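Thank you for making time this morning; I would like to walk you through one model, beginning with a term and then moving from single residues to the whole chain.

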Amino acid sequence: MRAGPIAIIVALLLILAAAIVFAYQGLTLPGDPMPREGWIALTLGVVFPLIVGIGLMVLLFYSSRKGYDEPSQFRADDHPD
């Protein structure tokens, strides 16, 4: 392998390790539990983007199946002379 892909892999592994350390430290710190409003905000922040993403994927597959994504084509019988 050349140096470029190796450097990218090393950088991504370092970012992953930093995220794991940050998450572990955040989960093990003593303190008050998250309030009810925090859980509501977390739930809405997860559920709403999932609904939007799933809805957009459904529309993408629907439009692809119905032929809406096909390029437009000129037919001679459509042109008024």
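Let me fix the vocabulary: a residue is buried under 20% relative accessible area, exposed over 50%, and partly exposed in between, using a 1.4 Å probe and protein chains only. By that rule Val-52 is partly exposed, because its relative accessible area is 36%, whereas Ile-51 is exposed, at 54%.

A word on provenance: this is a predicted model, in which local features need pLDDT of at least 70 and side-chain atom pairs count only at pLDDT 80 or more, while totals for chains, interfaces and linings use all residues. Residues are numbered from 1 along each chain as its sequence is written, and side-chain values use heavy atoms, with hydrogens and water left out.

Ile-51 sits in helix H2, which covers residues 36-66, and Val-52 lies in helix H2 as well; helices here are DSSP runs of H or I with at least four residues, strands are runs of E with at least two, and both are numbered from the N terminus. From Val-52 to Trp-39 there are 13 residues in sequence and 20 Å in space, C-alpha to C-alpha.

How many helices and strands does the chain have? The chain has two helices and zero strands.

Turning to overall dimensions, the C-alpha atoms fill a box of roughly 80 × 50 × 20 Å along the principal axes. The chain's radius of gyration, taken over C-alpha atoms, is 25 Å, where a compact globule of 81 residues would have one near 12 Å, the globule rule being 2.2 Å times the number of residues to the power 0.38. Finally, buried residues make up 2% of the 81 residues.
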